[in-house]
Amino acid sequence: MLNKMKQTPVPVAVLVMVLCILVGVTFGNKNALDRAVKNSGATLTEIAELTQQRAAKASNLLVICQRSIPGNAGIEALENAIHTLKNATHAGQIAEADRRLTFAAESVRGPIENAATEQDRKLMVGVMDELNSAEKILTRVAGTYNEKVTEVREVYDSLPTKWLLGGVPEVYQ
């Protein structure tokens, strides 16, 4: 075996050594990036859970709308926003769907206040308060997520083999 290695031409041996070093560096970079992404992924899961809770609360508002203001155009917008939010998977999609939900919920507030019974108005105020509270929590969690994504991007930008590793998570905007 040793004799065969001694018979290997020097350029071939150098090429094999360079390839081994490149593969090792690439795997090391991949592991560093995976650790950084894993840290941000936990927060994205939390964001997804919070938005699903908001969608459930908005479904309660939808019931009040259907009872108080049937046929209002805002009901369809609210239904679509809830559906979109429940099906969003990426940070950018979740952020956009959540903005649409907030807008749709606010757009039905006025018509409900004008047409609903006293009990439905109280229910609507309670649901809107819950939605606003959940939105504030979501904003705080999204800020943490964005900080972690920034850290991932810094790790990614410092890696010499980033062109082999793929992309980084998107920011929640």
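In which kind of crossing, left-handed or right-handed, does H4 pass H5? In this predicted model, H4 goes by H5 in a left-handed crossing. Let's start with the overall fold and then come back to that pair.

The protein has six helices and zero strands, and reading along the sequence gives the pattern α-α-α-α-α-α. Of its 173 residues, 34% are buried. Take the contacts between residues at least 6 apart in sequence, and 72% of them join residues at least 24 apart.

Now for the packing. Two packed helices are described by the angle between their axes and the distance between the axes. For H4 and H5, the axes cross at roughly 160° and come within 11 Å. An angle over 145 degrees counts as roughly antiparallel, and that makes H4 roughly antiparallel to H5. On the H4 side, the residues that meet H5 are Ala91, Asp98, Thr102, Ala105, Glu106, Arg109, Ile112 and Glu113. Facing them from H5 are Arg121, Met124, Met128, Leu131, Asn132, Glu135, Leu138 and Tyr145. Sorted by class, this contact has eight nonpolar, two polar and six charged residues.

H4 also packs against H3. Helix H3 spans residues 73-87 and helix H4 residues 91-115, and their axes lie 8 Å apart at an angle of about 155°. H3 and H4 are therefore roughly antiparallel to each other, and H3 passes H4 in a left-handed crossing. From H3, the contact draws on Gly74, Ile75, Ala77, Leu78, Asn80, Ala81, Ile82, Thr84 and Leu85. H4 brings Ile94, Ala97, Asp98, Arg100, Leu101, Ala104, Ala105 and Val108. The class count for H3 with H4 is 12 nonpolar, three polar and two charged residues. Asp98 is worth keeping an eye on: it belongs to the contact of H4 with H3, and it is also listed where H4 meets H5.

That brings us to the charged pairs. Side chains of opposite charge can pair when their charged atoms come close. How many salt bridges does the structure hold? There are seven, and a few of them are good places to stop.

Begin with Arg54, which sits in helix H2. With a relative accessible area of 1%, Arg54 is buried. Its salt bridge partner Glu135 has the closest N and O atoms 3.8 Å away. Glu135 is in helix H5 (residues 118-158) and Arg54 in helix H2 (residues 10-68), so this pair ties together parts that are 81 residues apart in sequence. Glu135 itself counts as partly exposed, at 26% relative accessibility. Here Asp98 comes back into the story: Arg54, Asp98 and Glu135 are linked in a network of salt bridges. Leaving out neighbours within four places in sequence, Arg54 is in contact with Asp98, Leu101, Thr102, Leu131, Ala134, Glu135 and Leu138.

Another link between H2 and H5 involves Arg67 and Asp120. Their salt bridge has its closest N and O atoms 2.7 Å apart. Arg67 lies in helix H2 and Asp120 in helix H5, so the pair ties together parts that are 53 residues apart in sequence. Asp120, at 6% relative accessibility, counts as buried.

Arg67 also turns up next to Leu123, a residue of helix H5. Setting aside neighbours within four places in sequence, Leu123 is in contact with Ile64 and Arg67. Leu123 is partly exposed, with a relative accessible area of 38%. Its C-alpha atom is separated by 8.9 Å from that of Asn60, although their positions lie 63 residues apart along the chain.

Finally, look within H5 for a local pair. The side chains of Arg121 and Glu118 meet in a salt bridge, 2.9 Å from N to O. Both residues lie in helix H5, three residues apart, which is about one turn of the helix. Are they buried or partly exposed? Arg121 is partly exposed at 27% relative accessible area, and Glu118 is partly exposed at 46%. Arg121 also takes us back to the opening pair, since it is one of the H5 residues that meet H4.

Notes:
Residues numbered from 1 in each chain as written. Predicted model: local features only at pLDDT ≥ 70, side-chain atom pairs only at ≥ 80, totals over all residues. Heavy atoms only, no water. Axes fitted to C-alpha atoms, helices over the stretch in contact; angles between N-to-C directions. Helix = DSSP H or I, 4+ residues; strand = E, 2+ residues; numbered from the N terminus. Parallel < 35°, antiparallel > 145°, perpendicular 65-115°, else oblique. Left-handed = near helix turned anticlockwise from the far one by under 90°. Contact = heavy atoms within 4.5 Å. Nonpolar A, V, L, I, M, F, W, Y, C, P; charged D, E, K, R; others polar. Salt bridge = Lys/Arg side-chain N within 4 Å of Asp/Glu carboxyl O. Buried < 20%, exposed > 50% of the residue type's maximum accessible area, 1.4 Å probe, protein only.
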